[in-house]
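Colleague: Got a minute to walk me through this one? I'd like the overall picture, then some details.

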Amino acid sequence: MAKLNYKQKANLQRIALLAPGVALYGVFNFVPLLGLFGLALVDWPGIGPMQFVGFDNFAKLFGNDYYREQLLRAFGQNLVFFLIIIASMLIVGTFLALLLSFGSWGRNLYRSIFFLPYPLAGAAVAFLLELIVRTRGPLNVLLTKTTGLFENPIGFLGDPNLALATLATFYSWHRMSFAVILILSAIVAVRVHLIEAAMLDGANRWQTLKAVVFPVLAPAFVLITVIVMVDVFNNADYTLILMGPEGAPARATDIMGTFLFRSAFGGSATSVNVNFGMSAAIGLVTALVILPAALFLALRNMRKDR
């Protein structure tokens, strides 16, 4: 039997390490996804026999005025939700990563504030959000009585113009440490002698960041954007817990996740119009929306390995 060389051994080790995770992912994610294709072809309220309808659920989703209006609204608001989150995470995350990398004053405080919520469940953060922004909560007390900036309390979750942005802000705070870790790791990877060379050439701190540090942050930005996009379009825990399946107020916070949930289990206004097949069709449409970003990241990583 031929003796394996170093590269072959390394490949075998990679396969052995990845195999358990791939198997678990396949059982709990890929196999249910295949079942989703079959479910999207039936009309089924969750109880009783399934009625095969072919592509009728997709036809209704894009052709029926009732479903098309909800789909376009949910997708548009989901996109706005994502843009607020990713802008906050990239801008604030980069700022915090730079503070931590340069050992600036108060870095332990910044670390505590932004790393503390990351392990918390979405339900816990949603409950904390409701406590903070309620009309008699600490945020409104600060804005009205302490600083006097406003005369009346602000309905952050009750105002259709503010509710979505409020949820996005707290999501950003909840996940901020994820962005900080990736950006900080990219900053740390910058070779020290390059920074020293820039400073010896007379560059100040901002010029050094602009010429040496920022160019290496692009891969981290891409990774954060793709992962956040997949998470934001797949999950709706904050909205479901605080605003309900209807995406209150007046469906101003309705996103793809709440639209999917409402189609499967009903809501306050559509409790009788329940169809797991329609919900599966919405899930597949959402998957197609985020698929290009996921494929881009996978292909990019494959090219990097080569």
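Modeller: Sure. One term to begin with: helices here are DSSP runs of H or I with at least four residues, numbered from the N terminus. Also, this is a predicted model.

Colleague: Fine. Where is Phe-37 found, then?
Modeller: Phe-37 sits in helix α1.

Colleague: Is Phe-37 buried, exposed or partly exposed?
Modeller: Partly exposed. Its relative accessible area is 47%, and the partly exposed class runs between the 20% and 50% cut-offs.

Colleague: Which residues make a nonpolar surface patch with Phe-37?
Modeller: Tyr-25, Phe-30, Leu-33 and Leu-34 join Phe-37 in that patch. The patch covers about 520 Å².

Colleague: And Leu-12, where is that?
Modeller: Leu-12 is in helix α1, which covers residues 6-39. Leu-12 has 47% relative accessibility, so it counts as partly exposed. The C-alpha atoms of Leu-12 and Leu-90 are separated by 37 Å. Along the chain, those two are 78 residues apart.

Colleague: Zoom out. How many helices and strands are there?
Modeller: The protein chain has 13 helices and 2 strands. Its C-alpha atoms fill a box of roughly 80 × 70 × 30 Å along the principal axes.

Colleague: What share of the residues is buried?
Modeller: Of the 306 residues, 37% count as buried. The chain exposes about 18000 Å², and carbon and sulfur atoms supply 69% of that.

Colleague: Now the aromatics. How many pairs?
Modeller: The structure holds 10 aromatic pairs. In one of them, the rings of Trp-44 and Phe-276 have centres 5.4 Å apart and planes at 50°, so that pair is tilted.

Colleague: What does that pair tie together?
Modeller: Trp-44 lies in the loop between β1 (42-43) and β2 (51-52), and Phe-276 lies in helix α13 (residues 276-305), so the pair ties together parts that are 232 residues apart in sequence.

Colleague: How are the rings of Phe-265 and Phe-276 arranged?
Modeller: Edge-to-face, because their planes are at 80° and the cut-off is over 60 degrees. Their centres are 5.4 Å apart. Phe-265 is in helix α12 (residues 256-265), 11 residues from Phe-276 in α13. Ring pairs link Trp-44, Phe-261, Phe-265 and Phe-276 into a cluster.

Colleague: Is Phe-265 buried or exposed?
Modeller: Phe-265 counts as exposed, at 52% relative accessibility.

Colleague: Last one: α10. Which residues are buried there?
Modeller: Among them are Ala-220, Ile-224, Val-226 and Met-229. Helix α10 has 17 residues (218-234) and should span 24 Å at 1.5 Å a residue. Its end C-alpha atoms are 24 Å apart, which agrees.

Methods. Residues are numbered from 1 along each chain as its sequence is written. This is a predicted model: local features need pLDDT of at least 70, side-chain atom pairs count only at pLDDT 80 or more; totals for chains, interfaces and linings use all residues. Side-chain values use heavy atoms; hydrogens and water are left out. Rings of Phe, Tyr and Trp (its six-membered ring) pair if their centres lie within 6.5 Å; planes under 30 degrees apart count as stacked, over 60 as edge-to-face and the rest as tilted. Buried means under 20% relative accessible area, exposed over 50%, partly exposed in between (1.4 Å probe, protein chains only). Patches are made of residues with over 30% relative accessible area and no salt bridge: like charges are joined within 9 Å, nonpolar side chains (Val, Leu, Ile, Met, Phe, Trp, Tyr) within 5 Å. Accessible areas come from the Shrake-Rupley method with a 1.4 Å probe; for residues, only the protein chains shown count as cover. A salt bridge is a side-chain nitrogen of Lys or Arg within 4 Å of a carboxyl oxygen of Asp or Glu. The expected span of a helix is 1.5 Å times one less than its number of residues.
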